[in-house]
Amino acid sequence: MWSVKNKMAEKLEGSVEAHVKQQTGQMPEADLFVLAGGDREDQERTGYSNYSYWHSTLQAFGKNRVAVFLVFVIAGILLFTFIQPLLPGQYDPNMVNNDPSGMQYRNVPPGSQFWFGTNSIGQDLWARIWAGTRNSLFIGFAVAGIEAFVGIVAGVLWGYVRKLDALFTEIYNVLDNIPQTIVLILISYILKPGVKTLIFAMCLTGWIQMARFIRNQVLMLRDREYNLASRCVGTPTRKVVVRNLLPYLVSVIMLRMALSIPGAIGSEVFVTYIGLGLPLNIPSLGNLINEGRALMMSATLRYQLLFPTIIVSVVTISFYIIGNAFSDAADPKNHV
C-alpha cells in the first residue's frame, strides 16, 4: 500500500515538473504525452456483449423450480395422451365392454381390470379420460394459438398505424360488449357440434383482449428514441416491429396464451354442461365432468367425477403458474 502511494506521488511530482518546464519552454510539447500500452484483443473483448434475449429468458425461467417441474408435468401428460392408446391391454374409449355372460360392466369401481373404473354403459374411464385430455388440450392449444396470432397482428396494427386506430376501436367496442357466453351458446346451437365449432366459437371474440393488451404496449413503445432513430435511418416497419417492439411484448403474449389454454378447457366444460358441447362419441374432459356431476351424490360413483376433475385442476394450475413465471422471465427489465 505504501509503495503504491509513493508511485502515485512520484507521478504527480513528475507531472507538475513537466508542466512547469513546458510553461517555461524547457520541455517540448511532444514529450508531454506518452502512449498508453494496450492489447487490441482485450479491447475487442471488452466491447463485445454476448447477451442473448432468449438465453437470458430461459436462464431466468430455469431458476423457478416449481414452474420447471410443472412444465415437465404438462409435457408428460401431453405425451402420455398419445402413448396410452399404443400400450398393450388398452380399451377403446368408445367401446362398451361386456362380461363373459354378455352383461355390460356398468359402474365398475377402479381395479386391476379397469384402472379408473367404468361408466354407466361399461366404457373404460381410463381410456376415455386420456382421450378426453388429448382432445381438450388440442382445443386449448388451438384456441391459444389462433387468438395469439390474430391478436398480435391486430394489436400491432391497432397501436402502430395511427390511421387504423379509430376502426379497431369501434370493432373493439362492439365485440367487447357481446358476452362470450352468448357467443358460445349461439355458435354451438347454430353449427354442428364438434371440435372445429368450439374452436371457432371461442376464437370469434377471444382475440380482442389480446389485441387490446398488445395495442396498449405498442402505444407506450412506439415513439421511443430508438424507434424514432430506426425510422429516421430508413428501417422497414416490419423490422422495427419484430426487433424493437415484439421482444417487449413476449411476456404479455406468453401470459395471455398460458391463461387461454385452461380458459378454453373451462369454456368447453361449460358448453358441455348446458348440453351444447362435443357429442358423446368424442371424449373430452367436459363430457366426463358433466357425466360425473350427475353421480356426485352417490358415494360409490364419485370416482367418475374425481378423476377428470383432478386432470382439469392439474392442467389449469400448471398453466397458470407456468404462464406467470415465463412472463416474469421474458420481461427484459428483469434481465441483467
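In this predicted model, Val315 is in contact with Ile74, Leu137 and Ile265, leaving aside its neighbours within four places in sequence. Val315 belongs to the largest nonpolar core, a set of 33 residues. Within this core, the residues that touch the most other members are Phe61, Phe116, Ile129, Leu137, Ile311, Val315 and Phe319. Leu137 thus appears twice: it is a contact of Val315, and it is listed with Val315 among these core residues.

Several helices build the largest core. Two or more residues each come from α3 (53-62), α4 (65-83), α5 (125-160), α10 (237-273), α11 (285-293) and α12 (303-330). The largest share comes from α12, which supplies 12 residues. Another core lies apart from this one. It has 16 residues, including Leu184, Ile199, Cys203 and Leu278.

The loop between α4 and α5 holds Thr118. Thr118 has a relative accessible area of 0%, so it counts as buried, the limit being under 20%. A polar atom of the Thr118 side chain lies 2.6 Å from the backbone oxygen of Tyr105. Beyond residues up to four places away in sequence, Thr118 touches Tyr105, Arg106, Asn107, Val108, Gln123, Asp124, Leu125, Tyr303 and Gln304.

Asn119 is also placed in the loop between α4 and α5. With a relative accessible area of 3%, Asn119 is buried. Its side chain reaches two backbone nitrogens. That of Gly122 is at 3.1 Å, and that of Gln123 is at 2.8 Å. Neighbours within four places in sequence aside, Asn119 is in contact with Tyr105, Arg106, Asn107, Leu125, Arg128, Glu291 and Gln304. Tyr105, Arg106, Asn107, Leu125 and Gln304 are contacts of Thr118 and of Asn119. Gln123 is likewise touched by Thr118, while its backbone nitrogen is reached by the side chain of Asn119.

Side chains of opposite charge can pair when their charged atoms come close. The count of salt bridges comes to 1. The pair links distant parts of the chain: Asp165 lies in helix α6 (residues 165-176) and Arg215 in helix α8, 50 residues apart. Asp165 forms the salt bridge with Arg215, and their closest N and O atoms are 3.1 Å apart. The two partners fall into separate accessibility classes. Asp165 has a relative accessible area of 25% and is therefore partly exposed. Arg215 is at 19% relative accessibility, so it counts as buried. The dividing value is 20% relative accessible area, with buried meaning under it.

Helix α8 also takes part in a nonpolar surface patch. This patch covers about 710 Å². Its members are Ile182, Leu186, Tyr189, Ile190, Leu191, Phe200 and Leu204. At least two residues of the patch come from each of α7 (180-190) and α8 (195-221). The most is given by α7, with 4 residues. Phe200, one of the patch residues, lies in helix α8. Phe200 counts as partly exposed because its relative accessibility is 42%. Helix α8 therefore holds both a partly exposed patch residue, Phe200, and the buried salt-bridge partner Arg215.

How values were computed
Residues are numbered from 1 along each chain as its sequence is written. This is a predicted model: local features need pLDDT of at least 70, side-chain atom pairs count only at pLDDT 80 or more; totals for chains, interfaces and linings use all residues. Side-chain values use heavy atoms; hydrogens and water are left out. Patches are made of residues with over 30% relative accessible area and no salt bridge: like charges are joined within 9 Å, nonpolar side chains (Val, Leu, Ile, Met, Phe, Trp, Tyr) within 5 Å. Accessible areas come from the Shrake-Rupley method with a 1.4 Å probe; for residues, only the protein chains shown count as cover. A salt bridge is a side-chain nitrogen of Lys or Arg within 4 Å of a carboxyl oxygen of Asp or Glu. Buried means under 20% relative accessible area, exposed over 50%, partly exposed in between (1.4 Å probe, protein chains only). A nonpolar core is a set of buried Ala, Val, Leu, Ile, Met, Phe, Trp, Tyr and Cys residues joined through side-chain atoms within 4.5 Å. Contact means heavy atoms within 4.5 Å. A polar contact is a pair of N or O atoms within 3.5 Å; within protein, one must be able to donate a hydrogen and the other to accept it, and residues adjacent in sequence count only if both atoms are side-chain atoms.
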